[in-house]
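Please give me a short tour of this structure in my viewer. Tell me what to select at each stop and what is there.

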2 protein chains.
Amino acid sequence: MTAELIARLAAILGPSGLVTDAADMAAYAIDWRRLFPGRPLCIARPASTAEVVAVVKACHAAGAAIVPQGGNTGLAGGAVPDASGAQVVLSLQRMNKVRDVDPVGLTIAADAGCILKVAQDAAADMGRLLPISLAAEGSATVGGVVSTNAGGVNVVRYGMARALVLGLEVVLADGTVVDLNRRLRKDNAGYDLKQLFIGTEGTLGIVTGAVLRLVPRPRHTVTALLSVPSPKAALDLLALAQDELGDTLSAFELMSGYSFDLLRRHLDLTPPIAAGDWFVLLEAGASLSGLREAAETALAAALENGTALDGVVAETGAQAAQLWALREHITDGEAREGKSMKHDVSVPIADVPAFLAAADIAIAQGAPGAKVNAFGHLGDGNIHYNVILGAGHDGAAINALVHDVVARFSGSISAEHGIGQYRVDELVRRRAPGEIALALALKHALDPDNRLNPGKVLPAPG
Amino acid sequence: MTAELIARLAAILGPSGLVTDAADMAAYAIDWRRLFPGRPLCIARPASTAEVVAVVKACHAAGAAIVPQGGNTGLAGGAVPDASGAQVVLSLQRMNKVRDVDPVGLTIAADAGCILKVAQDAAADMGRLLPISLAAEGSATVGGVVSTNAGGVNVVRYGMARALVLGLEVVLADGTVVDLNRRLRKDNAGYDLKQLFIGTEGTLGIVTGAVLRLVPRPRHTVTALLSVPSPKAALDLLALAQDELGDTLSAFELMSGYSFDLLRRHLDLTPPIAAGDWFVLLEAGASLSGLREAAETALAAALENGTALDGVVAETGAQAAQLWALREHITDGEAREGKSMKHDVSVPIADVPAFLAAADIAIAQGAPGAKVNAFGHLGDGNIHYNVILGAGHDGAAINALVHDVVARFSGSISAEHGIGQYRVDELVRRRAPGEIALALALKHALDPDNRLNPGKVLPAPG
């Protein structure tokens with residue numbers, strides 16, 4: 001049966017479309033952090049939606065499971081196969097074109113395998129902005145961004161990927177193509193079926209193309225770094241920024257003094273301002289004049305009333321990039337410090353200071369000596385509360401400690417990274433049974449044989 | 001069985017919670033435009049989510065269908081019962097409280113029956129904006145807005161209602177409460193189940209509460225009316241406004257010269273600028289200085305290059321209100337002219353001029369003498385292409401003519417008003433069978449006995 005399926009796929013895809021050699025399959029078999037190794041049957045690399053359909057039908061007939069994969073940059077093991085050697089990885093990488101850009105209608109249409117950066121650049125060439133920005137943008141694909149409902153640093157202004165999806169082209173478990181790939185800003189005609197495929201990590205259908213919303217490109221940008229005495233002060237600063245800058249605020253990042261200590265010790269990076277217990281990196285963009293003036297007014301007010309201790313507004317793009325480099329290297333600094341238990345949690349924004357205090361107490365009591373590297377997107381209530389593990393620390397126990405605190409604040413155990421295979425058990429533990437049952441009912445309705453990315457996001461059907 | 005159900009509901013709801021008198025039921029039995037008369041068994045008016053659950057369970061046991069109703073301001077007959085006398089209308093009107101407002105976290109939580117205007121005012125009291133604005137906001141409810149994915153005049157900037165929903169509390173067909181009422185800006189933990197209940201008009205569950213996203217309240221607003229020579233010129237003006245004003249643009253409305261003719265003849269309303277074949281009303285808001293300057297720059301450029309023929313920027317709030325009154329009275333002017341066939345269509349924004357030209361030709365050929373009152377949200381590609389019917393004109397035939405043109409542009413037959421009972425047949429006619437099948441599969445998964453708002457949005461299960 002297996003040999004028959006491979007022969008069938010080879011006939012569909014031709015020599016460049018099917019990978020069966022173990023060495024060639026290696027890059028598709030494991031995630032980039034090398035945490036979730038798998039063993040695929042083969043890698044199908046279709047070059048068109050029609051080929052995706054043919055692959056899905058062949059797998060359907062053979063009873064083989066399919067694992068859709070884009071840039072393979074996910075953090076939750078959602079795009080890699082299990083160890084059975086029986087799953088077909090369906091890579092969308094060869095479907096990599098921007099289909100069209102409409103600068104007035106503010107839309108971009110692209111194949112699922114189009115690299116996010118390529119799509120960003122195509123929008124920029126037309127004077128518009130595709131406002132999804134994340135560390136992996138040079139490798140992540142449009143289909144992966146949609147399928148994982150990716151977040152990133154601009155969510156405070158533009159929302160998660162879901163908010164930017166206008167249309168989708170999807171192949172269902174039985175090979176049916178559902179063409180929801182409309183270029184409409186407003187469409188209220190019946191169920192919005194594309195929502196089913198956003199953020200469900202390929203478990204309900206395979207995204208083969210998307211139409212995303214663009215926004216006008218702000219002419220002016222202001223980037224500032226401030227030190228603040230506490231998370232509460234950072235929250236006060238956020239309120240001030242909302243008042244003064246309105247929704248021009250496109251990033252509002254909180255970083256702990258410990259994060260900056262890691263940067264200094266391991267990467268020789270230091271902030272151009274006086275140290276503090278906490279730091280805020282904020283960015284705003286607008287086409288109107290008056291942006292920088294408003295930012296400087298807000299900063300002066302914050303310094304005057306003690307909300308901020310010190311601060312700098314970037315004078316040039318290069319300076320802005322230096323400020324961003326601090327934020328972007330924190331994960332690197334953490335890795336150099338040692339093994340860590342990472343958390344991607346969110347709570348209501350106003351509860352972030354209380355959450356941080358409660359989590360710190362839980363760690364101090366439950367895992368004495370463990371260091372906390374907390375940073376993240378305060379503007380969204382999303383904190384990467386990472387715990388550096390010392391000798392004798394139990395990662396799983398620390399995970400439970402942190403998520404217990406998250407639960408007390410009615411938060412989320414995955415604010416932006418998704419569930420993949422990594423957090424399935426924890427999701428089932430934390431969510432009400434009624435929610436899991438409802439999700440399984442959807443899965444059963446769309447993929448009754450559990451052939452699309454089985455083992456991801458959901459527990460095995462009961 | 002019926003008497004037993006009524007007795008059971010009376011026991012659950014008490015005297016003020018159940019209406020069975022025909023005269024008292026009248027207001028719930030028909031939509032406000034009096035196009036979709038129905039005959040309910042009774043009106044259940046629960047005062048709490050627990051009472052909603054009890055009502056749903058009682059109806060479930062009795063095999064009775066439920067029609068959820070908010071402010072009953074819909075335009076598609078989605079919230080009124082059929083003529084069988086067997087359906088229970090479940091009015092959420094007694095669940096009408098704002099639960100809380102968080103001005104820093106930018107959230108508002110409210111009961112489903114809370115009037116939209118009440119929620120808007122609660123947000124404004126905290127210096128924030130709930131950016132859903134529509135004609136019926138004094139009667140429409142939060143639950144209705146969510147369940148119909150309402151649009152309105154601010155969609156160009158803030159999106160449809162869906163984009164503003166952070167959390168939902170829902171009662172399923174069997175009475176299970178699903179508490180998705182989280183206050184999180186970011187939550188990527190598993191399937192986003194609340195999407196199932198947004199815009200599905202109560203056919204998959206009953207929304208009993210919601211958490212909506214707020215935005216900073218712009219300090220400055222600019223409102224302008226311009227006359228333009230053509231829809232194409234209006235589109236050029238939109239591109240110019242996007243360049244100069246960025247995403248501060250919160251409304252961009254197109255109105256035909258004929259719309260203004262109706263205003264003049266029936267309501268004695270005239271624009272304060274020279275007449276043109278088409279008019280644009282635009283509004284932008286920002287907290288930064290420089291908004292008015294940017295708007296005036298854009299307006300001057302448009303007048304200079306012939307994109308606009310004449311224009312005025314409101315000097316005061318009262319003048320802005322006068323400009324808006326023109327836009328808001330068009331429907332009234334149309335009603336005074338005569339009976340009309342209304343359309344709520346959208347096409348890709350850049351295709352609006354071609355759509356209008358093609359539709360005008362289709363009407364001129366297929367329904368000679370019929371007048372077209374075209375106006376709407378050009379910034380969203382959403383045109384209310386209404387056709388005034390003369391003697392001998394066939395509304396259904398005109399509807400088919402217009403929707404045929406919409407189909408040529410891959411548009412939507414309901415951009416914002418929804419499907420309700422009014423457009424079910426047309427939806428089935430226009431959508432691919434695969435989409436209808438997928439929607440019915442969802443319905444079967446969540447409401448296998450077809451007890452939640454049967455006959456709305458979907459065809460009868462096959």
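A salt bridge here is a side-chain nitrogen of Lys or Arg within 4 Å of a carboxyl oxygen of Asp or Glu. Select A:Asp187 and B:Arg431 to see one: their closest N and O atoms are 3.2 Å apart.

Some conventions come next. This is a predicted model, in which local features need pLDDT of at least 70 and side-chain atom pairs count only at pLDDT 80 or more, while totals for chains, interfaces and linings use all residues. Residues are numbered from 1 along each chain as its sequence is written, chains are lettered from A and ligands numbered from 1 in the order in which they are written, and side-chain values use heavy atoms, with hydrogens and water left out.

Now select both chains. A turn of 180° with a shift of 0.0 Å along the axis lays chain B on chain A with an RMSD of 0.0 Å (least squares on the C-alpha atoms of residues with pLDDT of at least 70 in both). That is the relation of a two-fold axis. The two copies use the same surface, since 100% of the contact residues of chain B recur in chain A; contact means heavy atoms within 4.5 Å.

Stay at the interface. Each side is listed separately: 87 residues from chain B and 87 residues from chain A take part in the contact. Together the chains bury about 6,600 Å², 58% of it on carbon and sulfur atoms (the accessible area, with a 1.4 Å probe, that two parts lose on being put together, summed over both). Select B:Lys186, B:Asn188 and B:Tyr191, which supply 16% of the area that chain B buries against chain A, more than any other three residues. The rule finds 16 salt bridges across this interface.

Which element gives the most to the side of chain B that touches chain A? Select H15(B), which gives eight residues. Helices (H or I, at least four residues) and strands (E, at least two) are DSSP runs, numbered from the N terminus.

Next, colour the strands of chain B in the order E5-E6-E10-E8-E9: they form an open sheet of five strands with antiparallel pairing. Two strands pair if DSSP finds at least two bridges between them. The edge strands, E5 (98-102) and E9 (177-180) of chain B, each pair on one side only. Inside the sheet, select E8 (residues 165-171) and E10 (residues 206-213) of chain B, which pair in the antiparallel sense over six bridges. There B:Leu168 stands opposite B:Ala210.
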